[in-house]
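I sat down with this one to look at how two domains meet, and then at a few backbone oddities. Here are my notes, in the order I looked things up.

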Amino acid sequence: MKILVTVKRVEDPYQAIKVKPDGSGIISDGMNYKPNPFDEIAVEEALRLRDTHQGEVVAVTLGNEKCVAELRQALAMGADRGIHVRHDGPLDSDGVARVLAKIVEQEKPDLILTGKQAIDDDQNQAGQLLAEYLHLGQATFASKKESLESEAEKAKKPGLTLLPGGKAIEVVREVDGGLETLALPLPAVVTCDLRLNLPRYASLPNIMKAKKKEVKELSPAGLGVDMTPKVTTRRFAAPAARKGGVKVPDVATLVEKLRHEAKVIS
Amino acid sequence: MTKTPIGIDLFRVDDLLSEEQRLARRATAEFVDRRFLPVVQRHFRAGTFPMDLVPEMGALGLFGANLHGYGCAGMDKTAYGLVMQELERGDSGLRSFASVQGALAMFPIYTYGTEGQKRRFLPKMARGELIGCFGLTEPDHGSDPGGMTTTARRDGAGFLLNGTKLWITNGTIADVAVVWAKTEGGGAGSIRGFLVERGTPGFSSREIEGKVSLRASVTAELSFQDVRLPEDAILPEARGLSAPLSCLTQARYGIAWGATGAAIACFAAARDYSIERTQFGRPLAGFQITQEKLAEVYSEIVKAQLLNLRLGQLADRGEATFLHVSVAKRNNVRAALAAARTCREILGANGIIDDYPIIRHLVNLETVYTYEGTHDIHTLILGEALTGMSAFGG
């Protein structure tokens with residue numbers, strides 16, 4: 001089974017994000033970056049599927065020269081080789097999906113795994129657009145029935161199930177109020193949600209081994225993709241600072257405030 | 001108007017790191033943040049080490065990460081240093097565990113052991129399946145290890161080991177102890193290293209109670225009474241006091257980096273607190289005295305980072321000696337201890353409770369200041385190098 005998996009470089013979500021004073025972007029100086037956490041889940045799933053069914057995991061990233069670090073982390077987790085599509089300008093989901101479509105045409109994977117969204121711009125579109133451009137079946141928000149504390153998770157069993165014959169895959173996905181089980185013919189696009197697995201760490205010996213793994217550099221122009229964004233960012237603004245709460249002396253005052261200040265009860 | 005605070009890495013030390021050095025630091029940092037920090041308060045209070053994390057640390061390759069082969073990661077010295085920095089950003093006890101396992105137990109086997117000893121012990125120690133400890137210090141011989149009274153006398157085809165070792169990190173949980181003892185002749189030159197396995201008759205260990213510092217770490221006394229050791233228990237290539245001292249140089253190298261991690265943890269906690277905490281109608285961070293404290297701590301961290309980085313470069317070129325390591329250990333631990341005290345002050349009364357990491361680092365660093373060559377001993381090492389005159393006495 002050949003699996004293509006995406007890895008996007010994003011800001012470390014545990015850091016405070018500061019907006020530039022002119023609103024043109026966020027301050028990247030001194031910022032830590034890491035792979036998109038949902039992509040890490042996609043990589044983990046790809047590795048489990050490969051280790052169960054044999055095959056190859058190819059990790060792909062799109063962005064500036066620094067993105068190689070995140071690609072290298074996917075290789076250190078266990079991906080077999082990497083593709084870096086070098087692009088220094090702004091990205092939108094459509095451009096990303098069109099580049100990925102070209103990569104899929106070249107690599108002809110049986111399965112494309114992506115994070116359900118990147119935690120930087122939260123677009124949640126690239127996987128869906130990719131499936132549309134390639135006319136492939138898609139399952140978004142892939143999850144599983146077993147909990148992340150289950151024995152299946154401890155044994156690192158894949159959450160996606162390759163159906164007998166190996167021509168289709170079963171995906172449990174998160175929907176409002178429950179889980180839905182889909183079967184998709186391969187190749188297919190699956191976007192991964194939080195409860196699909198707990199991604200492994202890149203161990204130090206594997207970081208050393210990843211140095212020797214192949215990373216191919218491509219360009220959008222070489223792939224014939226025009227990266228001029230259809231969606232442009234006008235302005236960034238930080239959310240309004242939360243105001244501190246007040247303590248009320250008794251229930252009567254609380255009801256009074258809810259009624260007349262907050263106006264949430266009448 | 002409040003400007004965005006700068007990050008820890010003002011001098012772009014990060015730019016000087018290779019990709020694998022950054023990845024090694026990130027992998028260790030994530031382990032510390034996700035797995036260790038949520039449990040450290042409980043373990044520090046209970047006086048226990050989180051043994052359930054040892055297999056994960058092994059799987060991550062944190063033990064003996066700078067050694068090559070035998071299941072070890074084979075990273076360069078800077079990457080290894082960054083691993084130590086991130087571990088001690090968690091707790092000095094966590095870094096101590098990895099230091100003892102890697103630098104004090106695996107390193108002597110790797111450097112002075114037979115091929116058979118290496119194959120038998122190193123892969124399992126790298127995975128964390130076997131825990132090691134290092135027995136050099138004795139109740140009456142701390143800074144003066146050459147005066148040790150533990151002996152290993154020839155006994156037929158093997159040795160008979162007698163003596164007591166004190167302040168042994170991981171002593172009661174170790175599967176194998178690297179024990180240094182005097183052999184025939186009795187001088188410092190007769191000191192040899194032995195691998196003593198748990199369960200060997202006459203070998204016992206006892207945990208030291210009442211520690212106020214380094215509580216999330218096991219410290220023990222080892223006692224050897226007529227312990228019979230086979231011939232293959234000896235580390236054949238280790239001869240004289242220089243062998244155990246070479247192990248200490250390895251461990252001290254990690255401490256120079258590790259103490260910087262503890263200082264970073266204290267600084268981060270104190271700065272955050274000073275920005276959030278309001279007194280007299282404005283944040284603590286807005287007062288000049290607080291800013292002076294933060295500036296002082298920050299400058300020391302930057303200096304320690306750059307010193308460590310240069311030490312790592314020299315070590316990778318094979319040019320770092322025990323002297324370089326002494327200077328770095330001495331400087332960085334003293335700076336970290338001072339930083340922890342200053343940061344503790346910024347937190348006021350909150351600085352003395354363990355909901356914040358600073359007091360824990362502060363009391364830990366009192367140990368780090370003293371172990372692996374006290375601050376004063378490193379002063380004498382540097383003093384001798386500067387003047388050509390030994391002030392060690394004797």
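**Notebook: a domain interface and some backbone checks**

I began with polar contacts and found twelve residue pairs in polar contact between domain 1 of chain B and domain 3 of chain B, both residues at pLDDT 80 or more. A reminder to myself: this is a predicted model.

Next I asked which elements of domain 1 of chain B give two or more residues to the side that touches domain 3 of chain B. They are α1 (19-46), α3 (77-90) and α4 (92-112) of chain B. The top contributor to that side is α3(B), with ten residues. I also sorted this side of domain 1 of chain B by class, and got 13 nonpolar, nine polar and seven charged residues.

**Entry: salt bridges**

How many salt bridges cross between domain 1 of chain B and domain 3 of chain B? The rule finds two. I also looked up the salt bridge between the side chains of B:Arg45 and B:Asp354, where N to O is 2.7 Å.

**Entry: the interface as a whole**

I went back to the domain assignment of chain B, which lists domain 1 (13-126), domain 2 (132-240) and domain 3 (243-387). Taken over C-alpha atoms, the centres of domain 1 and domain 3 of chain B are 20 Å apart. For contacts, I noted 29 residues on the domain 1 side and 33 residues on the domain 3 side of chain B. Together these two domains of chain B bury about 2500 Å², and 61% of that is on carbon and sulfur atoms.

**Entry: a cis peptide bond in chain A**

I then turned to chain A for the backbone. The peptide bond that joins A:Leu186 and A:Pro187 is cis, with omega at about -5 degrees. I placed A:Pro187 in the loop between β10 (178-185) and β11 (188-192) of chain A.

**Entry: positive phi values**

Two non-glycine residues went into my notes here. A:Lys263 is not a glycine, yet has a positive phi of about 55 degrees. I found A:Lys263 in the segment after α8 (251-260) of chain A. Is A:Lys263 buried or exposed? A:Lys263 counts as exposed because its relative accessibility is 63%, and the cut-off for exposed is over 50%.

In chain B, I noted B:Glu372, also not a glycine, with a positive phi near 60 degrees. B:Glu372 sits in the loop between α9 (358-370) and α10 (375-387) of chain B. With a relative accessible area of 16%, B:Glu372 is buried, as the cut-off there is under 20%.

Conventions
Residues numbered from 1 in each chain as written. Chains lettered and ligands numbered in written order. Predicted model: local features only at pLDDT ≥ 70, side-chain atom pairs only at ≥ 80, totals over all residues. Heavy atoms only, no water. Domains from an automatic or database assignment. Contact = heavy atoms within 4.5 Å. Buried area = accessible area lost by both parts, 1.4 Å probe. Salt bridge = Lys/Arg side-chain N within 4 Å of Asp/Glu carboxyl O. Polar contact = N/O pair within 3.5 Å; in protein donor to acceptor, adjacent residues only side chain to side chain. Helix = DSSP H or I, 4+ residues; strand = E, 2+ residues; numbered from the N terminus. Nonpolar A, V, L, I, M, F, W, Y, C, P; charged D, E, K, R; others polar. Buried < 20%, exposed > 50% of the residue type's maximum accessible area, 1.4 Å probe, protein only.
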